[in-house]
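Visitor: I should like to take a close look at a single part of this protein. Please guide me through it step by step.

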Amino acid sequence: MILVTGGAGFIGTNFVLDWLEQSDEPIINLDILNYAGNLENLGILAADERHTFVRGDIGDSVLLNSILERHQPRAIINFAAESHVDRSIHGPEDFIQTNIVGTFRLLEAGRAYWNGLNEKAKQDFRFLHVSTDEVYGSLAKDEPAFNETHRYEPNSPYSASKAASDHLVRAYHHTYGLPVLTSNCSNNYGPYQFPEKLIPLIIVNALAGKPLPVYGDGQQIRDWLYVKDHCSALRRMLEAGIPGETYNIGGWNEKPNIDIVHTVCALLDALRPLTIGPYRSLIAFVTDRPGHDRRYAIDAGKIERELGWKPVETFETGIRKTVQWYLDNPAWIGNVQSGSYRTWIDKNYERRA
Ligand code: NAD
Ligand code: TYD
């Protein structure tokens, strides 16, 4: 069996659902259920014996030791994190605790457990740490995309905390020999993404007839990957990745934010037209994010060459599926827009002119 952390969040949910669709290998899912963690995502697994959910913190060493002893996983896949840049600007403390201290505790528990395994199980064990391209910082317009040797230059409390966790993971391999793998993936989109991130925020605001906030000039570039392609890359890394290596994951899909917003608006115009005019009339340019990274781009050549991985979706097919998923799931949208969601939206957008 495998231990997944953060498996009730956006990417973790997609990973758990895809895993159990393709394999009968059981999953222990450890998630603290913060604002972005949602067990409703995994409702379909409620009676499925292959999935065991544990509510708890990756920073809780006692809990980690007992889970590892009891369930004897062959791998740990660490998705658990505070993941939103704007929240890290308003309050970095949780990012330090979960992303750095939490990852450290998970590494320590993983190391103690791994040391107690027999030689064969030790060799086969993997600690897969799920990280981000944001650790590399921001690219100028004409610079080549990030490859695995690009220097770390994180600019936000979020990316700095992820960078710190990547360094710890690396050190546990170098010093203790723990068989780790690290992935650095570009921006994901798809089903179950919490509507604080750009694409789901634009979709849910548009459907509610609310302004569509675009930070600054909207010309910042992100490199978008459909979430299920990220999950297939992680599965491939678990199968064939070389311990100690890092792999950049991306879909060669760089787009300015404003183009993303226009694409979502055009899809909604076709699928759920507004009577008062096109959705793009709701676009509102607002005050920029402090320290806003201008451009991210991933060179995914290594994972393609060495592990034979390729994304299945193009941006056009993936974004259509995503918009359709939100249209088909109004109850999910309603349920995640709790009081704490509204408080966040007020806090993040009220002072943006
Ligand atoms: P998310 O915020 O949707 O989910 C994070 C999950 O982790 C939530 O379910 C939350 O409850 C859980 N969690 C938070 N703190 C925890 C703790 N202390 N103990 C246990 N569980 C905890 O985030 P996501 O978008 O699914 O991202 C998952 C991982 O992928 C993160 O590590 C993130 O840095 C990385 N990543 C995300 C993207 C992206 O575009 N979303 C891209 C590249 C990498
Ligand atoms: P986001 O989804 O928060 O991901 P990240 O900051 O990790 O890349 O934001 C994606 C891009 O969209 C980023 O350049 C910030 C921008 N953005 C907006 O323009 N408006 C918004 O309301 C949000 C949430 C993001």
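Guide: What follows is an account of one pair of helices, and then of a pocket. Please bear in mind that this is a predicted model. The pair consists of helix 4, which covers residues 93–115, and helix 6, which covers residues 157–176. Their axes come within 8 Å and cross at roughly 15°. Angles under 35 degrees count as roughly parallel, and helix 4 and helix 6 are therefore roughly parallel to each other. The crossing in which helix 4 passes helix 6 is right-handed. On the side of helix 4, the contact is made by Phe95, Asn99, Ile100, Thr103, Phe104, Leu107, Glu108, Arg111 and Trp114. Helix 6 contributes Tyr158, Ser161, Lys162, Ala164, Ser165, Leu168, Val169, Tyr172 and Tyr176. By character, the residues of this contact between helix 4 and helix 6 comprise eleven nonpolar, four polar and three charged.

We may now turn to the pocket. The second largest pocket holds about 400 Å³ of space. It is lined by 17 residues, of which Asn205, Lys210, Pro211, Tyr341 and Ile345 are the closest to its centre. At least two residues of this lining come from each of helix 7 (198–207), strand 12 (283–286) and helix 13 (339–349). Helix 13 gives the most to the lining of the second largest pocket, namely five residues. Sorted by character, the lining of this pocket has twelve nonpolar, two polar and three charged residues.

Technical notes
Residues are numbered from 1 along each chain as its sequence is written. Chains are lettered from A and ligands numbered from 1 in the order in which they are written. This is a predicted model: local features need pLDDT of at least 70, side-chain atom pairs count only at pLDDT 80 or more; totals for chains, interfaces and linings use all residues. Side-chain values use heavy atoms; hydrogens and water are left out. Axes are lines fitted to C-alpha atoms, for helices over the stretch in contact, and angles run from 0 to 180 degrees between N-to-C directions. Helices (H or I, at least four residues) and strands (E, at least two) are DSSP runs, numbered from the N terminus. Angles under 35 degrees count as roughly parallel, over 145 as roughly antiparallel, 65 to 115 as roughly perpendicular and the rest as oblique. A crossing is left-handed if the near helix is turned anticlockwise from the far one by less than a right angle, and right-handed if clockwise. Contact means heavy atoms within 4.5 Å. Ala, Val, Leu, Ile, Met, Phe, Trp, Tyr, Cys and Pro count as nonpolar, Asp, Glu, Lys and Arg as charged, and the others, Gly among them, as polar. On a 1 Å grid over the protein atoms alone, a cavity is a set of points where a 1.4 Å probe fits but cannot get out, and a pocket is an open set with protein on both sides within 12 Å along at least five of seven lines; lining residues have an atom within 4 Å of a point. Grid points are joined across faces, edges and corners, and a volume is the space filled by probe spheres set on the points.
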